[in-house]
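Dear colleague,

I am handing over the structure below, and after it I set out what was found. Please read the notes with the model open beside them.

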Amino acid sequence: MPVYETKSRPAGLSRRKAMMAMSAGVAALAMPRLGRAADDTIRIGFPTPLTGPFAAEARDQVKCAELAVKLVNDKGGIGGRKVELLVRDDKLNAGEAATRTLELIEKDKVHAVVGALSSAVQLAVNEVTRARGVIYVSISQSDTINEVKDFSKFTFHEALNPHMTTAAVARQTLKKGMKVAHLVADYAYGHEMLRGFKRAQASIGAESVGEILHPFGAADYSTFMPRLMSMRPDVLCISNFGRDQANAIKQAVDFGIKQQMKIVVPVILHNQRLAVGADVFEGVVGGANYYWGLETQNKTAAEFNKAFRTANGGAIPTDYGAYGYSGVGSLLQAMQVAGGTDTEKVVAALEGLQYDLTKGPQHYRKCDHQSVQSVLVLESKKKSAMANENDLFAIVANDPGADEMLRSCSELGHAT
Amino acid sequence: MAVESTGEASSLSQSRRLFAVLSDHRVLVSLVALALLPWLLPSKALAVNVLIYGVVVMGYNLLFGYTGLLSFGHAAFFGTGAYLTGIAIGRWGLPWFAAVPLAIAAGTALAVLIGAISTRTRGIYFSMVTLALAQLVYYVALQASSFTGGENGLRGFTVDRIDLLGLQINFLDPVNKYYVLMAFAALALWVQSRILNSPFGAVIEAIRENEQRARACGYDVERCKLIVFMLSGAISAIGGCMSALHLSIVPLDSLHYQTSGMIVMMVLLGGARSFFGPFIGAATFLILEDVVSLWTPHWQIVVGAIFVVFVLFLPKGIWGTLLDVLPFARERR
């Protein structure tokens, strides 16, 4: 650059340079739009909270969903079309999830959406997909999504729901005349689990002696523990999720609660048990959709574990991971049956589908598209009883799936 | 060489004049820039979000940038605008063109209420009072779940079609949606520009520069603060309405203090006290979040680091710094 320029001009940016910089910026922004060409790949959107308190569970979901896609692609895809999984971080935020889902539908032109890991987030995704006639398979627990107000023919719910989970756990842990106290995370998941437990208690004849709500994401539970102990219950139900579960159980054990009562959780989480250790979780009972140890009694589970181990260097799949596999897997099976991605045909195929991907036969109930499936009840093993580092739980019960486990179609407001 | 330098000088004064014309028509120029946005950004949904947060942050800028009041509770007005739009359409069955004015009125009323309480305090106390009152609104929305959907958020009010003067617009189409919502943004821009050009606009800047002197000049500082708080809340509520129409849900998080914090971050990134800065700030923040989170789950570290760099080295934000650096834009704003 000539020297005289710096003398004859006031310091700072010239207009020309500014224009150049601006057009370079515009070009850089426009770049990603150019590289995208139309093709016949089948695209599945997968919003999940890769950041935030449920990140561990979300990562497992992604791994398993990728496995389901890989297995289909290895066999030549669907009618010769490859399947692609588009994973997006919804940041555990309903607004973010709705935006990401809009992007997936409008920009990436996905053929269906699977995912989400919170009640509020899945309802947000569902609202966006159903208005645009896009199939959505939710893989996170919720009772609300079954109800007629949020339902649409494009809405499918692969995960267990709080009603099924709590009923199965209560059948194994509560008896007539028992006193039950509740520690509940103060958001939709906790409230729905509490409602489920109370309903199960009413039919069994166990009495509630008190309930305490704690804020979502709380780190300190020490103020709740003396109050729970003073209620003198036989059973303490802790209805929370993710890191909250580990923190709450850990502090309950520190207070010596286990000497006084049994700790029960609606969903016992593989990752949280690993994070905290055997001594703390010893004897805690909870429900689950999947546990890898099922492989000794179930052929499908053995096959799923084997496929996952091969793809992930010997690691084992976890509970919420299995949802990612069966959610994407059932959708892809239905696309195989429908011979493509035509939404009407895939919906019909999903409604008629009998699938067995991780743990035994499953199907989507016609009226609310809830997956009818088995519920496991697990008890955390003590350290000395563990055969290896992944041998976390003993299977207390494996209730086979049945329509009677769900709330009836008419109760949910569906035409029967 | 001498000839060249006079040529340079005259071209500089020419561009100064051009810039002056452009800033006299800042609403129009802003709208032209915004009209191009969906074709520049990676996705239409992102462009709509930039538009929405741009409006919210612009409303906030009136209070923070121009009057010098640091509110930490603007999510309350944004959220109220969004919730009322949703409730009016979904529960009361009103059409969208009735729901939107109602929601803006509700946001404005809430701003009068919160403003009346908070503008009695100053400095850090003002920030804390706005934060506390906004959290109050958050918990009301959380508890009144039969009305607001509580933690699950408000759903069931999807607007899929807009009838305008016999014209039917498919509102689910992202491009249509953007340009319909841009009409709201145009309204907000015009109101903002009008306020800033009025004598009242000069008074609020006087209050920012020296409150005691403004008082000594005979201006009713308390009254002015309340009015600007109200106007700021009203513009933020317009953004809330747009958000409800865009997402067809209202997440509870829209009332959360993190949303308030995000609004503050956006205005600092873009440049407080500048007319178009809020849109630049919203665009920068949302694009960073969108693009960076695609390639790393640790996007917060990247966004946070960039924010720190801005606070340290570009306290006037992107747009404010640009206006300072460009030779033809100096002395004007």
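Helices H3(B) and H11(B) are roughly antiparallel to each other, because angles over 145 degrees count as roughly antiparallel (under 35 would be roughly parallel, 65 to 115 roughly perpendicular, and the rest oblique). Helix H3 (residues 44-66) of chain B and helix H11 (residues 221-247) of chain B pack at about 170°, and their axes lie 7 Å apart; axes here are lines fitted to C-alpha atoms, for helices over the stretch in contact, and angles run from 0 to 180 degrees between N-to-C directions. Helices (H or I, at least four residues) and strands (E, at least two) are DSSP runs, numbered from the N terminus.

On the side of H3(B), the residues that meet H11(B) include Val48(B), Leu51(B), Ile52(B), Val55(B) and Leu62(B), while those contributed by H11(B) include Val228(B), Phe229(B), Ile235(B), Gly239(B) and His246(B); two residues are in contact if their C-beta atoms, placed from the backbone, lie within 7 Å. The residues of this contact between H3(B) and H11(B) divide into 16 nonpolar, 6 polar and no charged, where Ala, Val, Leu, Ile, Met, Phe, Trp, Tyr, Cys and Pro count as nonpolar, Asp, Glu, Lys and Arg as charged, and the others, Gly among them, as polar.

Some conventions apply throughout. This is a predicted model, in which local features need pLDDT of at least 70 and side-chain atom pairs count only at pLDDT 80 or more, whereas totals for chains, interfaces and linings use all residues. Residues are numbered from 1 along each chain as its sequence is written, and chains are lettered from A and ligands numbered from 1 in the order in which they are written.

As to confidence, the model scores ipTM 0.89 and pTM 0.87. Chain B averages a pLDDT (the predictor's confidence in each residue, from 0 to 100) of 91, with 96% of the residues scoring at least 70, and the mean for chain A is 89, with 90% of its residues reaching 70 or more. Among the elements of chain A, helix H1 (residues 4-8) has the lowest mean pLDDT, 41, and strand E4 (residues 135-138) the highest, 97. I would ask you to keep two stretches of chain A in mind: pLDDT stays under 50 over residues 1-11, for which the model has 6 contacts beyond four places in sequence, and also over residues 32-38, for which it has 1 such contact.

Turning to the chains as wholes, chain B holds 15 helices and 2 strands, and its C-alpha trace spans about 75 × 50 × 45 Å along its principal axes. The radius of gyration of chain B, taken over C-alpha atoms, is 21 Å, which agrees with the value near 20 Å for a compact globule of 333 residues (the globule rule being 2.2 Å times the number of residues to the power 0.38). Of those 333 residues, 47% count as buried (20 or more other C-beta atoms within 10 Å of the residue's own, against 12 or fewer for exposed and partly exposed in between, with C-beta atoms placed from the backbone). Among contacts in chain B between residues at least 6 apart in sequence, 74% join residues at least 24 apart.

Chain A has 15 helices and 15 strands, and its C-alpha atoms fill a box of roughly 90 × 55 × 45 Å along the principal axes. Of its 416 residues, 50% count as buried, and residues 24 or more positions apart account for 69% of its contacts with a separation of 6 or more.

One such link in sequence and space involves Ala68(A), in helix H3 (residues 55-74) of chain A, which is buried, with 26 other C-beta atoms within 10 Å. Ala68(A) and Gly329(A) are 261 residues apart in sequence, yet their C-alpha atoms are 5.5 Å apart; beyond its neighbours within four places in sequence, Ala68(A) is in contact with Tyr325(A), Val328(A), Gly329(A) and Leu332(A).

Lastly, two backbone details. Most residues other than glycine have a negative phi. Lys91(A), in the loop between strand E2 (83-89) and helix H4 (94-106) of chain A, has a positive phi near 60° and counts as buried, with 23 C-beta neighbours inside 10 Å. Lys109(A), in the loop between H4 and strand E3 (112-115) of chain A, has a positive phi of about 50° but is exposed, with 12 other C-beta atoms within 10 Å.

With best regards
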